[in-house]
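Trainee: Could you take me through the salt bridges in this one, pair by pair? I'd like a close look at where the partners sit.

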Amino acid sequence: MKPSLNRVAFSVFGIDIMWYAILIGTGMLLGIILAERDAKRRGMNPDDLMDILIWALPISIIGARIYYVIFEWDYYRGNPAQILNIRGGGLAIYGGIIAAYLTAYILCKKKKISFMEVADITAPSLALGQAIGRWGNFINQEAHGYQTDLPWAVIIDGVGYHPTFLYESIGDFLIFVFLFYFARKKQDHKGQIIALYMILYGILRFFVEGLRTDSLYFLGFRISQLVSIAGIIIGIIIYYLSKNNKSLKI
């Protein structure tokens, strides 16, 4: 498996439009459509959901960048001009997720609507968006794993590497399918969908991260693995509480 596409999809007035940005945008758009339909199915005003997403999505990109810069501060401290150069690469999905849901929580409190319901509605969309967005890593020849001679290795400069983007993309898509159909069962407890996402994605990311060669580190530990463990634990707690208290008042 060898990347053959140019990173640049096309140019507009001299500005290069990257495939990575197109894939992320496509994932977001499909996620919005899916979430809007689920909001209607649940009886939530889709306008309230859109008001939240209008803020949460762009802030998620800012959060993803801040997260990355913080844990790569040794580089950016000496190259401050590159901090805002998102086109040069450097977005961390966990930073984006944290920023998006923190924004959603604040807006839900302001609008007096259930944050847990909004989180349940958006969780399948998030998994789908991640599944699509990971293919941008393939085109950019980044976020790969250690060298391997497996037949499905991604070939970069004649060397085979674990296609960790593919592992995560397939895993994300399976999580999306599971959550999509689980969400259409009778749901008596708010918080179950987002809890299952946190548990399943945490498990997936923990193992995929162990294969990657570009992990961010803190005190010798892979940060994404630490966050994955925390996400799994929090997800289990939320799921348990949601089942035993009917719904979480968040």
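Mentor: Here's a walk through the salt bridges, with a short stop at one helix at the end. Bear in mind that this is a predicted model, where local features need pLDDT of at least 70, side-chain atom pairs count only at pLDDT 80 or more, and totals for chains, interfaces and linings use all residues. Numbering runs from 1 along each chain as its sequence is written, and side-chain values use heavy atoms, with hydrogens and water left out.

There are nine salt bridges in the structure, each being a side-chain nitrogen of Lys or Arg within 4 Å of a carboxyl oxygen of Asp or Glu. Take Arg 41 and Asp 38, whose closest N and O atoms are 2.6 Å apart. Both belong to helix H1 (residues 19-42), three residues apart, or about one turn of the helix. Helices here are DSSP runs (H or I, at least four residues), numbered from the N terminus. For burial, the cut-offs are relative accessible area under 20% for buried, over 50% for exposed, and partly exposed in between (1.4 Å probe, protein chains only). Asp 38 has 4% relative accessibility, so it counts as buried, while Arg 41, at 41%, counts as partly exposed.

Now go to Asp 74, which forms a salt bridge with Arg 77, with the closest N and O atoms 3.1 Å apart. Asp 74 and Arg 77 are both exposed.

Glu 117 pairs with Lys 190, the closest N and O atoms being 3.6 Å apart. Glu 117 sits in helix H5 (residues 115-133) and Lys 190 in the loop between helix H7 (164-182) and helix H8 (192-209), so this bridge ties together parts that are 73 residues apart in sequence. Glu 117 counts as buried because its relative accessibility is 14%; Lys 190, at 31%, counts as partly exposed. Back at Asp 38 and Arg 41, salt bridges with shared partners join these two and Arg 42 into one network.

Last, have a look at helix H4 (residues 93-111). Its 19 residues reach 27 Å from first C-alpha to last, close to the 27 Å expected at 1.5 Å a residue, where the expected span is 1.5 Å times one less than the number of residues. Its buried residues include Tyr 94, Ile 97, Tyr 101, Leu 107 and Cys 108. The buried residues of H4 pack against helix H2 (46-71), H5, H8 and helix H9 (223-244), with contact meaning heavy atoms within 4.5 Å. Just after H4, Lys 112 takes a positive phi of about 60°.

Definitions and conventions: Helix = DSSP H or I, 4+ residues; strand = E, 2+ residues; numbered from the N terminus.
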